[in-house]
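Please open the structure in a viewer and keep the selection panel at hand. The tour below proceeds by selections, each followed by a description of what is found there.

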Amino acid sequence: MKPKLRAIWDAGVAAADPAGAVTRALPDLEFGDPAQLSVVAVGKAAPRMIAPVLEAVTPKQALIVTHRENVFDDLGVPVMRAGHPVPDPEGEAAANAILEMAEGLGKDDHLLILISGGASAMLPAPAKGLTLDDKVRVTKALLASGAPIEVMNLVRQQLSRIKGGGLAIAADPARVTALVLSDVIGDDLRAVASGPTLAPLGTPEDAVQALRGYFCYGKVSQEVRNHLREAPKKRDVPETDTRIIGSNDVSVATMKEQAPEAKILTPPLTEDVKDAVERLAKLPSGLWLIGGECTVQVKGKGMGGRNQELALRLAMKAEEEGWPAGWTYIQGGTDGRDGPTDAAGAVVNGQTLKKMRAAGVDPAAALKNNDSYHALKAAGDLLMTGATGTNVADLGVLYRP
Ligand SMILES: O=C(O)[C@H](O)CO
């Protein structure tokens, strides 16, 4: 079963390949006159998203903004590197460059923006009266609070000149098209990269409530609090053509094409891994396709990631409940990096715990220490893909006979 499940999982990851996703979108895209076309790619997948566009057309101007760790070839257009997950001065310079480019466009111009995850942190454009330091403090407080991405970005939009439709406002009256590779479960495009071409997720008052709700209000600067009190309630964002071209849902749908007999788990797994395993254990027999992204409460000092911990927990649950032989489960991050490890996740079955014990590892003790990586490594059941160059959260496939 392992090779079959791996092939289905691989098909899901391939569907999220940034170059492939843009290439599939190109036939439906009207570039217009290349002499009036500006192309900007932002986020972790920016170089891979812009490559097929630059093969298809030579725009008037183009710019890539990505994280400095992203590997990319020289594509012959300027690249600006930016910090992530905490914004830095290079990111601020990049955000300013994009806004300047957008502000210089006229009604006959076309701005094509290619958006992928990570761009919120990479493009800090502090609202008038705020500084990069203010934004750094807000970002750090929200990151430490465990607030979900929708909440983080609702706040960040209210403090920014580029997020929450700010880019669309700057580019007005030019035509704006955005192709989005979504790393947000549920695909609210206002949340992906903080929606530079769409109206914000909430109001300044909502941002205050969110900061209070996650005990961050007291941690942000007085300038931020003043700004949120005085900022206009509504932002008029011009209409843009913003399209999704890849996402966790799209990847799960592609896995379904690969395995039409399978059922899709709904809703996707977004809960803590402990609760996720309870849900998986209740599924009837058959082949199940799983999207989402779980959370883990880390208390131990071991090494692992949410996908590895989920797989290990499921193997233990299967043993405890005496699942019939043949069950198999693959679970991994589509970016190929689960937590701070070099594994994407794991592929487990009825042999996993036996192999672990034979190698001298106690699975329960490993779990207690959040050390799923070393336990699964001892069993030879890690899922190793290397960095995939994309990220649409996590995918899993479970077979229960
Ligand atoms: O950049 C961001 O805001 C996150 O990656 C979600 O898209």
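**First stop: L132 and its surroundings**

Select L132 together with P87, D88, P89, E92, P124 and P126: these are the residues that L132 contacts once neighbours within four places in sequence are set aside. The model is a predicted one. L132 belongs to helix α6, which covers residues 132-145. Is L132 buried or exposed? Its relative accessible area is 12%, and because buried means under 20%, L132 counts as buried. Now draw a distance from L132 to D88: the two C-alpha atoms are 7.4 Å apart, although 44 residues separate them in sequence.

**The whole chain**

Zoom out to the full chain, which has 16 helices and 12 strands. Along the principal axes, its C-alpha atoms fill a box of roughly 65 × 50 × 35 Å. The radius of gyration is 22 Å, which agrees with the value near 21 Å that a compact globule of 401 residues would have.

Colour the residues by accessibility. Of the 401 residues, 56% count as buried. Display the accessible surface next: the total is about 16,600 Å², and carbon and sulfur atoms account for 52% of that area. For the charges, select the 44 positive and the 49 negative ones; their mean positions are 6 Å apart.

A contact map gives another view of the chain. Among contacts between residues at least 6 apart in sequence, 77% join residues that are at least 24 apart.

**Two domains**

Colour residues 17-246 as domain 1 and residues 249-400 as domain 2. The C-alpha centres of these two domains lie 32 Å apart. Nine residues from domain 1 and 12 residues from domain 2 take part in the contact.

**Helix α2 and its packing**

Select residues 18-25, which form helix α2; P18, G20, A21, V22 and A25 are its buried residues. Against which elements do the buried residues of α2 pack? Add α3 (46-56), β5 (175-181) and β6 (241-246) to the view, since these are the partners.

Remain at strand β6 and select D241, which lies in that strand. D241 is partly exposed, with a relative accessible area of 31%. Not counting residues up to four places away in sequence, D241 touches V176, T177 and A178. For a distance across the model, connect the C-alpha atoms of D241 and V138: they are separated by 30 Å, with the two positions 103 residues apart along the chain.

**The loop at S116**

Move to S116, in the loop that runs between β4 (110-115) and α5 (119-122). S116 counts as buried, at 2% relative accessibility. Show its contacts beyond four places in sequence: V42, G43, K44, A45, A46, M49, L181 and A193. One of these, A193, is 77 residues from S116 along the chain, yet their C-alpha atoms are separated by 6.7 Å.

**Two cis peptide bonds**

Most residues other than glycine have a negative phi, and most peptide bonds are trans. The next selections depart from that background.

Select H84 and P85, whose connecting peptide bond is cis, with omega near 5°. P85 is in the loop between β3 (79-82) and α4 (89-103). Then select D172 and P173: the peptide bond from D172 to P173 is also cis, and its omega is near 15°. P173 lies in the loop that joins α8 (166-171) to β5.

**Two positive phi values**

Continue to N370, a residue other than glycine whose phi is positive, near 50°. N370 is placed in the loop between α15 (363-368) and α16 (372-379). With a relative accessible area of 7%, N370 is buried.

Finish at A393, where phi is near 65°, again a positive value in a residue other than glycine. Where is A393 found? It is in the loop between β11 (382-383) and β12 (394-400). A393 is buried, with a relative accessible area of 1%.

Technical notes: Residues are numbered from 1 along each chain as its sequence is written. This is a predicted model: local features need pLDDT of at least 70, side-chain atom pairs count only at pLDDT 80 or more; totals for chains, interfaces and linings use all residues. Side-chain values use heavy atoms; hydrogens and water are left out. Helices (H or I, at least four residues) and strands (E, at least two) are DSSP runs, numbered from the N terminus. The radius of gyration is taken over C-alpha atoms; the globule rule is 2.2 Å times the number of residues to the power 0.38. Buried means under 20% relative accessible area, exposed over 50%, partly exposed in between (1.4 Å probe, protein chains only). Contact means heavy atoms within 4.5 Å. Accessible areas come from the Shrake-Rupley method with a 1.4 Å probe; for residues, only the protein chains shown count as cover. Lys and Arg count as positive and Asp and Glu as negative; His and the chain ends are not counted. The place of a charge is taken as NZ of Lys, CZ of Arg, CG of Asp or CD of Glu. Domain bounds come from an automatic or database domain assignment.
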